Amino acid sequence: MNGGGGDGSEREERPTGDSDASPVLRSVLSAIPTPALACDPETHAIRAANAPAVDLFGRDPSVLRSRRLSDFVDGGTAVGGDAIGPAIDRARIADGDAGVVAVETGRVDGDERRHRLELTPRTATIDGSEWLFVGLTDVTERVRAESRLESQLRVTEAIASTLPGALFECTANGTLARWNDRFAADTAYEGRELSGTDLTSLFVEPGPDRENGAGEASVSEMLRRVYRDGDVVASEVTLLTRPGERVPYRLTLGPITDGDAVVGAVGVGEDRTATSLREERLAVLTRVLRHNFRNDLNVVTGFTERTIEAIDDPQRAAELERVVDTAERLLRVGEMSRRVERLLADRPTTQPLDLRAAVDEAIASLPAELRESADIDVDVPVGITVSAIGYLAEAIAELVDNGIRHNDADRPRVEISAAELPSESWASVVVVDDGPGVPPAERAVLTGEETPLEHASGLGLWYVSWIVGSSGGSLDITESGTGGSRIEIELRTAENA
(Lines give C-alpha, C1' and ligand atoms only; values in the text may rest on other atoms or scores of the structure.)
Protein backbone atom coordinates (compact mmCIF):
# COMPACT_ATOMS: atom_id res chain seq x y z
CA MET A 1 0.00 0.00 0.00
CA ASN A 2 1.10 3.56 -0.60
CA GLY A 3 2.72 5.43 2.28
CA GLY A 4 1.61 8.90 3.30
CA GLY A 5 2.12 10.49 6.72
CA GLY A 6 4.73 10.98 9.39
CA ASP A 7 7.51 13.59 9.50
CA GLY A 8 11.27 13.35 9.30
CA SER A 9 11.88 12.84 13.02
CA GLU A 10 9.56 9.89 13.07
CA ARG A 11 11.32 8.25 10.17
CA GLU A 12 14.69 8.49 12.02
CA GLU A 13 13.23 6.41 14.87
CA ARG A 14 11.82 3.59 12.72
CA PRO A 15 12.67 0.10 13.92
CA THR A 16 14.90 -1.82 11.59
CA GLY A 17 14.55 -5.30 13.01
CA ASP A 18 12.27 -7.62 14.94
CA SER A 19 14.44 -8.23 17.95
CA ASP A 20 11.63 -7.02 20.21
CA ALA A 21 9.19 -9.58 18.78
CA SER A 22 9.66 -12.57 21.05
CA PRO A 23 8.70 -16.09 20.01
CA VAL A 24 5.70 -15.89 22.36
CA LEU A 25 4.51 -12.68 20.68
CA ARG A 26 4.92 -14.18 17.23
CA SER A 27 3.09 -17.31 18.38
CA VAL A 28 0.16 -15.30 19.73
CA LEU A 29 0.01 -13.22 16.55
CA SER A 30 0.10 -16.26 14.28
CA ALA A 31 -2.82 -17.79 16.19
CA ILE A 32 -5.07 -14.90 15.16
CA PRO A 33 -6.94 -16.06 12.00
CA THR A 34 -7.58 -12.57 10.62
CA PRO A 35 -5.03 -9.91 9.56
CA ALA A 36 -3.30 -8.46 12.64
CA LEU A 37 -0.20 -6.42 13.52
CA ALA A 38 1.80 -6.10 16.73
CA CYS A 39 2.98 -2.51 17.22
CA ASP A 40 4.91 -0.42 19.70
CA PRO A 41 2.17 1.16 21.86
CA GLU A 42 4.01 4.49 21.98
CA THR A 43 5.34 5.00 18.45
CA HIS A 44 2.91 2.70 16.58
CA ALA A 45 5.93 1.14 14.85
CA ILE A 46 5.10 -2.27 13.38
CA ARG A 47 7.16 -5.02 15.04
CA ALA A 48 5.43 -8.15 13.73
CA ALA A 49 2.66 -9.22 11.31
CA ASN A 50 0.79 -12.48 10.89
CA ALA A 51 0.40 -14.21 7.53
CA PRO A 52 -3.09 -12.77 6.73
CA ALA A 53 -1.73 -9.25 7.32
CA VAL A 54 1.24 -9.91 5.06
CA ASP A 55 -1.17 -11.08 2.34
CA LEU A 56 -3.38 -8.03 2.87
CA PHE A 57 -0.53 -5.54 2.47
CA GLY A 58 1.25 -7.56 -0.20
CA ARG A 59 4.68 -6.85 1.24
CA ASP A 60 7.58 -8.79 2.69
CA PRO A 61 7.37 -9.04 6.51
CA SER A 62 10.74 -7.31 6.86
CA VAL A 63 9.40 -4.33 4.94
CA LEU A 64 6.33 -4.11 7.19
CA ARG A 65 8.56 -4.16 10.27
CA SER A 66 10.39 -1.09 9.00
CA ARG A 67 7.24 1.10 8.91
CA ARG A 68 4.75 2.79 11.17
CA LEU A 69 0.99 2.46 10.84
CA SER A 70 0.76 6.03 9.58
CA ASP A 71 2.95 5.13 6.59
CA PHE A 72 0.13 3.04 5.15
CA VAL A 73 -2.58 5.66 5.55
CA ASP A 74 -3.22 8.26 2.85
CA GLY A 75 -2.43 11.66 4.29
CA GLY A 76 -1.75 10.18 7.72
CA THR A 77 -5.37 10.81 8.74
CA ALA A 78 -8.33 8.62 9.49
CA VAL A 79 -11.61 8.88 7.60
CA GLY A 80 -13.16 12.00 9.06
CA GLY A 81 -9.89 13.96 9.19
CA ASP A 82 -8.38 13.03 12.59
CA ALA A 83 -4.64 12.37 12.73
CA ILE A 84 -4.12 8.61 12.71
CA GLY A 85 -1.93 8.49 15.84
CA PRO A 86 -4.36 10.17 18.25
CA ALA A 87 -7.29 8.35 16.62
CA ILE A 88 -5.69 4.97 17.38
CA ASP A 89 -4.87 5.99 20.94
CA ARG A 90 -8.50 6.96 21.56
CA ALA A 91 -9.89 3.86 19.89
CA ARG A 92 -7.79 1.36 21.87
CA ILE A 93 -9.56 2.29 25.11
CA ALA A 94 -13.06 2.67 23.59
CA ASP A 95 -15.82 0.13 22.98
CA GLY A 96 -18.15 -0.53 20.04
CA ASP A 97 -17.89 1.63 16.94
CA ALA A 98 -15.72 4.15 18.82
CA GLY A 99 -13.08 1.42 19.11
CA VAL A 100 -12.66 1.18 15.34
CA VAL A 101 -10.64 3.55 13.13
CA ALA A 102 -11.52 3.72 9.42
CA VAL A 103 -8.70 4.68 7.06
CA GLU A 104 -8.22 5.06 3.31
CA THR A 105 -5.14 3.52 1.75
CA GLY A 106 -3.83 2.23 -1.55
CA ARG A 107 -2.09 -0.95 -2.57
CA VAL A 108 1.61 -0.98 -3.42
CA ASP A 109 1.54 -3.71 -6.07
CA GLY A 110 0.64 -1.42 -8.97
CA ASP A 111 -3.04 -1.12 -8.08
CA GLU A 112 -3.51 2.55 -7.21
CA ARG A 113 -7.19 2.32 -6.32
CA ARG A 114 -8.09 3.55 -2.88
CA HIS A 115 -8.98 0.91 -0.33
CA ARG A 116 -10.80 1.15 2.95
CA LEU A 117 -9.50 -0.59 6.09
CA GLU A 118 -10.99 -0.71 9.54
CA LEU A 119 -8.37 -0.82 12.32
CA THR A 120 -9.30 -2.24 15.71
CA PRO A 121 -6.48 -1.40 18.18
CA ARG A 122 -6.22 -3.12 21.56
CA THR A 123 -3.37 -3.33 24.11
CA ALA A 124 -2.20 -6.54 25.72
CA THR A 125 0.78 -7.64 27.84
CA ILE A 126 2.88 -10.43 26.35
CA ASP A 127 5.98 -11.79 28.09
CA GLY A 128 5.96 -8.89 30.50
CA SER A 129 5.84 -6.24 27.76
CA GLU A 130 2.86 -4.14 26.64
CA TRP A 131 1.94 -4.38 22.97
CA LEU A 132 -0.55 -2.67 20.68
CA PHE A 133 -2.40 -5.29 18.65
CA VAL A 134 -4.19 -3.88 15.59
CA GLY A 135 -6.80 -6.00 13.85
CA LEU A 136 -7.24 -5.20 10.15
CA THR A 137 -10.46 -5.61 8.16
CA ASP A 138 -10.57 -4.83 4.43
CA VAL A 139 -14.03 -3.31 3.92
CA THR A 140 -13.33 -1.89 0.46
CA GLU A 141 -15.94 -3.95 -1.37
CA ARG A 142 -18.52 -3.36 1.34
CA VAL A 143 -17.97 0.40 1.19
CA ARG A 144 -18.16 0.38 -2.61
CA ALA A 145 -21.37 -1.65 -2.48
CA GLU A 146 -22.81 0.76 0.07
CA SER A 147 -21.79 3.66 -2.15
CA ARG A 148 -23.49 2.06 -5.15
CA LEU A 149 -26.58 1.39 -3.07
CA GLU A 150 -26.65 4.98 -1.83
CA SER A 151 -26.33 6.17 -5.42
CA GLN A 152 -29.20 3.92 -6.49
CA LEU A 153 -31.29 5.14 -3.57
CA ARG A 154 -30.64 8.75 -4.57
CA VAL A 155 -31.77 7.95 -8.12
CA THR A 156 -34.85 6.16 -6.76
CA GLU A 157 -35.68 9.10 -4.52
CA ALA A 158 -35.26 11.49 -7.46
CA ILE A 159 -37.59 9.37 -9.60
CA ALA A 160 -40.14 9.07 -6.79
CA SER A 161 -40.11 12.82 -6.15
CA THR A 162 -40.56 13.73 -9.82
CA LEU A 163 -43.29 11.20 -10.66
CA PRO A 164 -46.67 12.87 -11.18
CA GLY A 165 -48.38 9.95 -9.46
CA ALA A 166 -48.18 8.45 -6.00
CA LEU A 167 -45.46 5.89 -5.26
CA PHE A 168 -44.95 3.88 -2.07
CA GLU A 169 -43.29 0.78 -0.63
CA CYS A 170 -44.72 -1.72 1.84
CA THR A 171 -42.91 -4.13 4.14
CA ALA A 172 -43.52 -7.87 4.12
CA ASN A 173 -46.43 -7.42 6.55
CA GLY A 174 -48.17 -4.76 4.44
CA THR A 175 -47.18 -1.63 6.39
CA LEU A 176 -45.84 1.52 4.73
CA ALA A 177 -42.07 1.89 4.71
CA ARG A 178 -41.44 4.65 2.14
CA TRP A 179 -43.56 6.95 -0.03
CA ASN A 180 -43.25 10.06 -2.16
CA ASP A 181 -44.80 13.46 -1.52
CA ARG A 182 -47.64 12.77 -3.96
CA PHE A 183 -48.89 9.82 -1.91
CA ALA A 184 -48.69 11.85 1.31
CA ALA A 185 -50.67 14.63 -0.38
CA ASP A 186 -53.29 12.19 -1.69
CA THR A 187 -53.83 10.73 1.78
CA ALA A 188 -53.60 14.16 3.54
CA TYR A 189 -51.38 12.61 6.22
CA GLU A 190 -48.14 14.09 7.52
CA GLY A 191 -45.19 11.96 6.46
CA ARG A 192 -44.33 10.72 9.96
CA GLU A 193 -47.95 9.64 10.48
CA LEU A 194 -47.76 7.25 7.54
CA SER A 195 -44.71 5.36 8.85
CA GLY A 196 -45.71 1.83 9.81
CA THR A 197 -49.34 2.40 8.81
CA ASP A 198 -51.21 -0.66 7.53
CA LEU A 199 -51.90 0.02 3.84
CA THR A 200 -55.39 -1.48 4.01
CA SER A 201 -56.40 1.07 6.67
CA LEU A 202 -56.08 3.82 4.04
CA PHE A 203 -58.72 2.31 1.76
CA VAL A 204 -62.42 1.50 2.01
CA GLU A 205 -62.98 -2.24 1.90
CA PRO A 206 -66.13 -2.93 -0.18
CA GLY A 207 -68.82 -4.87 1.63
CA PRO A 208 -70.50 -8.04 0.32
CA ASP A 209 -72.98 -6.00 -1.71
CA ARG A 210 -70.30 -3.48 -2.73
CA GLU A 211 -72.84 -0.70 -2.59
CA ASN A 212 -69.99 1.75 -1.97
CA GLY A 213 -68.53 1.15 -5.38
CA ALA A 214 -69.57 -1.51 -7.84
CA GLY A 215 -66.62 -3.31 -9.36
CA GLU A 216 -64.14 -2.05 -6.75
CA ALA A 217 -61.54 -4.45 -5.42
CA SER A 218 -60.49 -5.24 -1.88
CA VAL A 219 -57.00 -3.90 -1.15
CA SER A 220 -56.56 -6.78 1.32
CA GLU A 221 -57.18 -9.27 -1.48
CA MET A 222 -54.85 -7.35 -3.80
CA LEU A 223 -52.06 -7.60 -1.21
CA ARG A 224 -52.73 -11.31 -0.70
CA ARG A 225 -52.29 -11.92 -4.42
CA VAL A 226 -49.04 -9.92 -4.45
CA TYR A 227 -47.51 -11.70 -1.43
CA ARG A 228 -48.94 -15.16 -2.09
CA ASP A 229 -48.68 -15.43 -5.87
CA GLY A 230 -46.20 -12.69 -6.79
CA ASP A 231 -48.79 -11.12 -9.11
CA VAL A 232 -48.96 -7.54 -10.29
CA VAL A 233 -52.54 -6.39 -9.68
CA ALA A 234 -54.40 -3.20 -10.53
CA SER A 235 -57.92 -2.08 -9.70
CA GLU A 236 -60.22 0.81 -8.95
CA VAL A 237 -60.44 1.36 -5.18
CA THR A 238 -61.58 4.06 -2.76
CA LEU A 239 -58.94 5.98 -0.81
CA LEU A 240 -59.95 7.15 2.66
CA THR A 241 -58.08 10.38 3.46
CA ARG A 242 -57.15 11.59 6.93
CA PRO A 243 -60.15 14.03 7.05
CA GLY A 244 -62.46 11.16 6.04
CA GLU A 245 -62.94 12.09 2.38
CA ARG A 246 -63.52 9.17 0.00
CA VAL A 247 -61.50 9.48 -3.19
CA PRO A 248 -61.78 7.28 -6.31
CA TYR A 249 -58.32 5.84 -6.79
CA ARG A 250 -56.51 3.70 -9.35
CA LEU A 251 -54.13 1.39 -7.44
CA THR A 252 -51.45 -0.91 -8.85
CA LEU A 253 -49.45 -3.23 -6.57
CA GLY A 254 -46.46 -5.42 -7.43
CA PRO A 255 -44.04 -7.69 -5.51
CA ILE A 256 -40.53 -6.90 -4.25
CA THR A 257 -38.61 -10.17 -4.35
CA ASP A 258 -35.44 -11.57 -2.82
CA GLY A 259 -34.75 -14.72 -4.76
CA ASP A 260 -38.01 -16.65 -4.76
CA ALA A 261 -39.39 -14.91 -1.68
CA VAL A 262 -41.70 -11.88 -1.79
CA VAL A 263 -40.30 -9.50 0.84
CA GLY A 264 -42.46 -6.45 0.21
CA ALA A 265 -44.65 -4.61 -2.24
CA VAL A 266 -44.43 -1.46 -4.30
CA GLY A 267 -47.51 0.53 -5.20
CA VAL A 268 -48.49 3.21 -7.70
CA GLY A 269 -51.63 5.27 -7.17
CA GLU A 270 -53.62 7.84 -9.12
CA ASP A 271 -56.35 10.13 -7.84
CA ARG A 272 -59.16 9.64 -10.34
CA THR A 273 -61.55 12.26 -8.96
CA ALA A 274 -61.38 14.49 -12.04
CA THR A 275 -61.33 11.51 -14.43
CA SER A 276 -64.29 9.82 -12.73
CA LEU A 277 -66.30 13.04 -12.76
CA ARG A 278 -65.57 13.53 -16.45
CA GLU A 279 -66.44 9.92 -17.26
CA GLU A 280 -69.67 10.18 -15.26
CA ARG A 281 -70.72 13.35 -17.09
CA LEU A 282 -69.85 11.85 -20.48
CA ALA A 283 -71.79 8.69 -19.61
CA VAL A 284 -74.87 10.73 -18.67
CA LEU A 285 -74.53 12.81 -21.83
CA THR A 286 -74.15 9.68 -23.95
CA ARG A 287 -77.18 7.98 -22.40
CA VAL A 288 -79.38 11.04 -22.88
CA LEU A 289 -78.26 11.56 -26.48
CA ARG A 290 -78.61 7.86 -27.30
CA HIS A 291 -82.09 7.70 -25.74
CA ASN A 292 -83.33 10.75 -27.64
CA PHE A 293 -81.55 9.59 -30.79
CA ARG A 294 -83.25 6.18 -30.65
CA ASN A 295 -86.70 7.54 -29.84
CA ASP A 296 -86.61 10.18 -32.58
CA LEU A 297 -85.38 7.72 -35.20
CA ASN A 298 -88.10 5.26 -34.23
CA VAL A 299 -90.63 8.08 -34.85
CA VAL A 300 -89.05 8.75 -38.25
CA THR A 301 -89.07 5.04 -39.15
CA GLY A 302 -92.67 4.51 -38.00
CA PHE A 303 -94.19 7.47 -39.87
CA THR A 304 -92.11 6.72 -43.00
CA GLU A 305 -93.25 3.08 -43.12
CA ARG A 306 -96.89 4.20 -42.73
CA THR A 307 -96.41 6.68 -45.57
CA ILE A 308 -94.95 3.96 -47.82
CA GLU A 309 -98.07 1.85 -47.25
CA ALA A 310 -100.34 4.77 -48.09
CA ILE A 311 -98.86 5.84 -51.45
CA ASP A 312 -99.04 4.26 -54.89
CA ASP A 313 -95.99 5.97 -56.45
CA PRO A 314 -93.22 3.30 -56.75
CA GLN A 315 -90.43 5.89 -57.14
CA ARG A 316 -91.56 7.81 -54.08
CA ALA A 317 -91.89 4.56 -52.14
CA ALA A 318 -88.31 3.60 -53.08
CA GLU A 319 -87.04 6.95 -51.83
CA LEU A 320 -88.89 6.51 -48.58
CA GLU A 321 -87.43 3.00 -48.23
CA ARG A 322 -83.99 4.64 -48.33
CA VAL A 323 -85.12 6.88 -45.49
CA VAL A 324 -86.06 3.81 -43.44
CA ASP A 325 -82.77 2.07 -44.27
CA THR A 326 -80.80 5.16 -43.25
CA ALA A 327 -82.71 5.47 -39.99
CA GLU A 328 -82.13 1.79 -39.19
CA ARG A 329 -78.41 2.20 -39.95
CA LEU A 330 -78.23 5.14 -37.57
CA LEU A 331 -80.03 3.09 -34.93
CA ARG A 332 -77.36 0.39 -35.29
CA VAL A 333 -74.65 3.03 -34.89
CA GLY A 334 -76.33 4.13 -31.66
CA GLU A 335 -76.43 0.55 -30.41
CA MET A 336 -72.80 0.06 -31.38
CA SER A 337 -71.83 3.20 -29.44
CA ARG A 338 -73.42 1.65 -26.36
CA ARG A 339 -71.36 -1.50 -26.80
CA VAL A 340 -68.17 0.51 -27.33
CA GLU A 341 -68.89 2.55 -24.20
CA ARG A 342 -69.32 -0.65 -22.20
CA LEU A 343 -66.06 -2.10 -23.56
CA LEU A 344 -64.06 1.01 -22.72
CA ALA A 345 -65.56 1.26 -19.23
CA ASP A 346 -65.00 -2.42 -18.33
CA ARG A 347 -61.21 -2.53 -18.91
CA PRO A 348 -61.45 -6.32 -19.45
CA THR A 349 -58.45 -8.62 -19.07
CA THR A 350 -57.53 -11.60 -21.21
CA GLN A 351 -58.61 -15.12 -20.32
CA PRO A 352 -58.52 -18.56 -21.96
CA LEU A 353 -61.45 -18.87 -24.40
CA ASP A 354 -62.55 -21.84 -26.47
CA LEU A 355 -62.54 -20.60 -30.07
CA ARG A 356 -65.29 -22.91 -31.31
CA ALA A 357 -67.56 -21.86 -28.43
CA ALA A 358 -66.90 -18.18 -29.23
CA VAL A 359 -67.87 -18.73 -32.88
CA ASP A 360 -71.04 -20.59 -31.92
CA GLU A 361 -71.96 -17.79 -29.49
CA ALA A 362 -71.32 -15.19 -32.21
CA ILE A 363 -73.66 -16.87 -34.70
CA ALA A 364 -76.36 -17.44 -32.09
CA SER A 365 -76.31 -13.74 -31.20
CA LEU A 366 -77.17 -12.59 -34.73
CA PRO A 367 -80.78 -11.53 -35.45
CA ALA A 368 -82.77 -14.54 -36.61
CA GLU A 369 -83.86 -12.87 -39.86
CA LEU A 370 -80.22 -12.10 -40.69
CA ARG A 371 -79.09 -15.71 -40.10
CA GLU A 372 -81.95 -17.06 -42.19
CA SER A 373 -81.16 -14.77 -45.10
CA ALA A 374 -77.64 -16.13 -45.63
CA ASP A 375 -75.57 -19.31 -45.79
CA ILE A 376 -73.07 -19.44 -42.91
CA ASP A 377 -70.45 -22.21 -43.11
CA VAL A 378 -68.35 -22.98 -40.03
CA ASP A 379 -65.08 -24.93 -40.07
CA VAL A 380 -63.61 -24.42 -36.60
CA PRO A 381 -61.94 -27.44 -34.95
CA VAL A 382 -62.79 -28.28 -31.37
CA GLY A 383 -60.01 -27.83 -28.84
CA ILE A 384 -58.38 -24.53 -29.91
CA THR A 385 -58.08 -22.30 -26.85
CA VAL A 386 -56.96 -18.71 -27.30
CA SER A 387 -56.11 -15.86 -24.97
CA ALA A 388 -58.62 -13.03 -25.44
CA ILE A 389 -60.99 -10.74 -23.62
CA GLY A 390 -64.56 -11.88 -23.10
CA TYR A 391 -65.84 -9.74 -25.99
CA LEU A 392 -64.30 -11.99 -28.66
CA ALA A 393 -67.68 -13.48 -29.69
CA GLU A 394 -69.03 -9.94 -30.27
CA ALA A 395 -66.10 -9.15 -32.59
CA ILE A 396 -66.75 -12.29 -34.65
CA ALA A 397 -70.49 -11.57 -34.73
CA GLU A 398 -69.82 -8.05 -36.01
CA LEU A 399 -67.70 -9.41 -38.88
CA VAL A 400 -70.35 -11.95 -39.86
CA ASP A 401 -73.10 -9.31 -39.56
CA ASN A 402 -71.15 -6.99 -41.89
CA GLY A 403 -70.52 -9.84 -44.33
CA ILE A 404 -74.27 -10.44 -44.64
CA ARG A 405 -75.74 -6.96 -44.22
CA HIS A 406 -73.42 -5.21 -46.69
CA ASN A 407 -73.74 -7.94 -49.33
CA ASP A 408 -75.68 -7.36 -52.54
CA ALA A 409 -75.93 -11.08 -53.45
CA ASP A 410 -79.40 -12.67 -53.53
CA ARG A 411 -78.28 -15.02 -50.76
CA PRO A 412 -75.06 -13.93 -49.08
CA ARG A 413 -72.47 -16.52 -48.12
CA VAL A 414 -70.11 -16.23 -45.16
CA GLU A 415 -67.41 -18.76 -44.23
CA ILE A 416 -65.80 -18.94 -40.79
CA SER A 417 -62.68 -21.05 -40.37
CA ALA A 418 -59.99 -21.38 -37.73
CA ALA A 419 -56.66 -23.14 -37.31
CA GLU A 420 -53.58 -23.20 -35.14
CA LEU A 421 -50.70 -21.51 -36.94
CA PRO A 422 -47.43 -23.41 -37.69
CA SER A 423 -45.64 -21.56 -34.86
CA GLU A 424 -47.99 -23.37 -32.41
CA SER A 425 -48.07 -20.18 -30.34
CA TRP A 426 -50.82 -18.49 -32.32
CA ALA A 427 -54.20 -19.36 -33.79
CA SER A 428 -56.30 -17.55 -36.36
CA VAL A 429 -59.99 -17.22 -37.15
CA VAL A 430 -60.89 -16.10 -40.68
CA VAL A 431 -64.22 -14.65 -41.85
CA VAL A 432 -64.71 -14.61 -45.64
CA ASP A 433 -67.75 -13.32 -47.56
CA ASP A 434 -68.78 -13.00 -51.21
CA GLY A 435 -69.86 -9.37 -50.99
CA PRO A 436 -68.32 -6.24 -52.54
CA GLY A 437 -65.40 -6.16 -50.08
CA VAL A 438 -64.42 -3.62 -47.46
CA PRO A 439 -64.05 -0.08 -48.87
CA PRO A 440 -60.58 1.54 -48.52
CA ALA A 441 -61.95 4.13 -46.08
CA GLU A 442 -63.13 1.32 -43.79
CA ARG A 443 -59.77 -0.46 -44.00
CA ALA A 444 -58.08 2.77 -42.91
CA VAL A 445 -59.45 2.06 -39.42
CA LEU A 446 -56.56 -0.37 -38.96
CA THR A 447 -53.82 2.01 -40.12
CA GLY A 448 -55.06 5.31 -38.69
CA GLU A 449 -55.19 6.82 -42.18
CA GLU A 450 -58.72 8.20 -41.91
CA THR A 451 -59.07 11.83 -42.99
CA PRO A 452 -61.85 14.39 -42.40
CA LEU A 453 -62.84 14.03 -46.07
CA GLU A 454 -62.77 10.26 -46.24
CA HIS A 455 -63.55 8.25 -43.13
CA ALA A 456 -65.22 5.08 -41.93
CA SER A 457 -69.00 5.21 -41.88
CA GLY A 458 -69.54 3.30 -38.65
CA LEU A 459 -68.07 1.97 -35.43
CA GLY A 460 -68.14 -1.72 -36.34
CA LEU A 461 -64.54 -2.17 -37.47
CA TRP A 462 -63.32 0.15 -34.70
CA TYR A 463 -65.10 -2.10 -32.22
CA VAL A 464 -63.58 -5.26 -33.68
CA SER A 465 -60.13 -3.67 -33.79
CA TRP A 466 -60.33 -2.56 -30.14
CA ILE A 467 -61.41 -6.03 -28.99
CA VAL A 468 -58.60 -7.73 -30.90
CA GLY A 469 -56.04 -5.16 -29.73
CA SER A 470 -57.12 -5.54 -26.09
CA SER A 471 -56.66 -9.29 -26.52
CA GLY A 472 -53.07 -8.82 -27.67
CA GLY A 473 -53.89 -9.98 -31.18
CA SER A 474 -53.81 -8.57 -34.70
CA LEU A 475 -56.43 -7.88 -37.39
CA ASP A 476 -55.86 -8.05 -41.13
CA ILE A 477 -58.31 -7.16 -43.93
CA THR A 478 -57.69 -8.37 -47.49
CA GLU A 479 -59.74 -9.35 -50.54
CA SER A 480 -61.14 -12.85 -50.80
CA GLY A 481 -60.77 -15.05 -53.87
CA THR A 482 -64.31 -14.15 -54.95
CA GLY A 483 -63.74 -10.42 -54.63
CA GLY A 484 -65.37 -10.12 -51.23
CA SER A 485 -63.63 -9.44 -47.92
CA ARG A 486 -61.29 -11.74 -46.03
CA ILE A 487 -60.77 -10.68 -42.40
CA GLU A 488 -58.30 -12.59 -40.23
CA ILE A 489 -57.92 -12.35 -36.46
CA GLU A 490 -54.71 -13.76 -34.98
CA LEU A 491 -54.57 -14.52 -31.25
CA ARG A 492 -52.07 -16.20 -28.95
CA THR A 493 -53.01 -19.67 -27.84
CA ALA A 494 -53.81 -19.75 -24.11
CA GLU A 495 -50.81 -21.87 -23.09
CA ASN A 496 -48.41 -19.40 -24.77
CA ALA A 497 -50.03 -16.17 -23.56
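Helices (H or I, at least four residues) and strands (E, at least two) are taken here as DSSP runs, numbered from the N terminus. The model is a predicted one, so local features need pLDDT of at least 70 and side-chain atom pairs count only at pLDDT 80 or more, while totals for chains, interfaces and linings use all residues. Residues are numbered from 1 along each chain as its sequence is written, and side-chain values use heavy atoms, with hydrogens and water left out.

Pockets and cavities come first. Both were searched for on a 1 Å grid over the protein atoms alone: a cavity is a set of points where a 1.4 Å probe fits but cannot get out, and a pocket is an open set with protein on both sides within 12 Å along at least five of seven lines; lining residues have an atom within 4 Å of a point. Grid points are joined across faces, edges and corners, and a volume is the space filled by probe spheres set on the points. The largest pocket holds about 970 Å³ of space. Its lining runs to 39 residues, of which E398, D401, N402, H406 and G460 sit closest to the centre. Helix α14 is the top contributor to this lining, with nine residues. Elements giving at least two residues each include α11 (314-346), α12 (355-365), β15 (426-433) and β17 (485-492).

As for closed space, the whole structure has one cavity of 30 Å³ or more. The largest cavity takes up about 50 Å³, and its walls are made by F57, L69, F72, V73, V103, L117, L119 and L136.

Salt bridges (a side-chain nitrogen of Lys or Arg within 4 Å of a carboxyl oxygen of Asp or Glu) number 22 in the structure. R182 and D186 pair up this way, at 3.0 Å from N to O; they are four residues apart in helix α7 (residues 181-187), so about one helical turn separates them. For burial, the cut-offs are under 20% relative accessible area for buried, over 50% for exposed and partly exposed in between (1.4 Å probe, protein chains only). On that scale D186 is buried at 10%, whereas R182 is partly exposed at 35%. Helix α11 has a pair of its own, E319 and R316, three residues apart or about one turn, with the closest N and O atoms 3.2 Å apart. Here E319 is partly exposed at 36%, and R316 is partly exposed at 46%. E118, R142 and E146 join up in a network of salt bridges.

Two residues other than glycine stand out for their backbone. Most residues other than glycine have a negative phi. H44, however, has a positive phi of about 65°; this residue is in the loop between β1 (36-39) and β2 (46-49) and is buried, at 8% relative accessible area. D127 also has a positive phi, of about 55°, and lies in the loop between β4 (114-126) and β5 (129-138), but is exposed at 57%.

R68, in the loop between α4 (61-64) and α5 (84-91), is buried with a relative accessible area of just 4%. A polar atom of the R68 side chain lies 2.9 Å from the backbone oxygen of T43.

Conventions. A polar contact is a pair of N or O atoms within 3.5 Å; within protein, one must be able to donate a hydrogen and the other to accept it, and residues adjacent in sequence count only if both atoms are side-chain atoms.
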